[in-house]
Amino acid sequence: MKNKTNIFAIAAVAGAIASLAFTPGKNERADNAETTVQMTQYWYPVDAATNEIAGPAAYHDTKSNVIASQDCKDQADQPICLFGSDDPSLSPGTDVGTPSESNRILRSN
């Protein structure tokens with residue numbers, strides 16, 4: 001009976017060690033989908049009536065910093081307020097089309 005108890009104890013310890021070996025560490029992530037890197041972009045004002053750039057770049061920063069520093073707060077179902085691009089010299093009148101979420105800031109209600 002004592003041998004069975006020792007075998008179960010050894011098996012439990014071995015199982016605990018094995019489960020820790022396959023668990024992500026403190027600084028590791030099992031799922032990288034949550035990590036988002038925001039790029040610094042040039043942010044241009046957009047005319048809501050024409051969906052075109054309305055003037056020169058007003059900001060050169062990350063999307064979150066631009067949202068925090070001006071009135072357009074990226075609210076759903078609103079027209080585009082600012083268009084983000086890597087190009088520092090887009091001309092007024094350029095149609096912004098349907099930019100991805102990372103390249104647009106929507107107006108506030």
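Here are four short exercises with worked solutions on a predicted model.

**Exercise 1. Find which side chains Asp74 meets in salt bridges.**

Solution. Let's begin with the lysine partner. The side chains of Lys63 and Asp74 form a salt bridge, with an N to O distance of 3.1 Å. This pair links distant parts of the chain: Lys63 sits in helix H2 (63-69), while Asp74 sits in the loop between H2 and strand S4 (80-85), 11 residues apart.

Next comes the arginine partner. Asp74 also meets Arg104 in a salt bridge, at 3.5 Å from N to O. Arg104 belongs to strand S5 (residues 104-106) and Asp74 to the loop between H2 and S4, so this pair ties together parts that are 30 residues apart in sequence.

Now put the two together. Through shared partners, Lys63, Asp74 and Arg104 are joined into one network. The structure holds two salt bridges.

**Exercise 2. Decide whether Lys63 is buried or exposed, and do likewise for Asp74.**

Solution. The cut-off you need is this: buried means under 20% relative accessible area, and exposed means over 50%. Lys63 has a relative accessible area of 11%, so Lys63 is buried. Asp74 has 22% relative accessibility and therefore counts as partly exposed.

**Exercise 3. List the residues of the largest nonpolar core, then look around Ile80.**

Solution. A helpful idea to start from: in soluble globular proteins, nonpolar side chains tend to be buried together. Here the largest nonpolar core has eight residues, namely Tyr44, Val46, Ile53, Ile80, Phe83, Leu90, Val96 and Leu106. Strands S1 (41-47) and S4 each supply at least two residues of this core.

Now pick out Ile80 and leave aside residues up to four places away in sequence. Its contacts then include Val46, Val96 and Leu106, which are also listed in the core. Ile80 touches Asn51, Gly97, Pro99, Arg104, Ile105 and Arg107 as well.

Finally, look beyond this core. Another core lies apart from it and has seven residues, among them Trp43, Val66, Cys72 and Leu82.

**Exercise 4. Locate the disulfide and describe its geometry and surroundings.**

Solution. First, the count: the structure holds one disulfide. The two residues joined are Cys72 and Cys81, with an S to S distance of 1.7 Å. Then check the twist: the link of Cys72 and Cys81 has 45° about the S-S bond and is right-handed. Last, the surroundings: both Cys72 and Cys81 are buried. You have already met one of these cysteines, since Cys72 is among the residues of the seven-residue core.

Key. Residues are numbered from 1 along each chain as its sequence is written. This is a predicted model: local features need pLDDT of at least 70, side-chain atom pairs count only at pLDDT 80 or more; totals for chains, interfaces and linings use all residues. Side-chain values use heavy atoms; hydrogens and water are left out. A salt bridge is a side-chain nitrogen of Lys or Arg within 4 Å of a carboxyl oxygen of Asp or Glu. Helices (H or I, at least four residues) and strands (E, at least two) are DSSP runs, numbered from the N terminus. Buried means under 20% relative accessible area, exposed over 50%, partly exposed in between (1.4 Å probe, protein chains only). A nonpolar core is a set of buried Ala, Val, Leu, Ile, Met, Phe, Trp, Tyr and Cys residues joined through side-chain atoms within 4.5 Å. Contact means heavy atoms within 4.5 Å. A disulfide is a pair of cysteine sulfur atoms within 2.5 Å.
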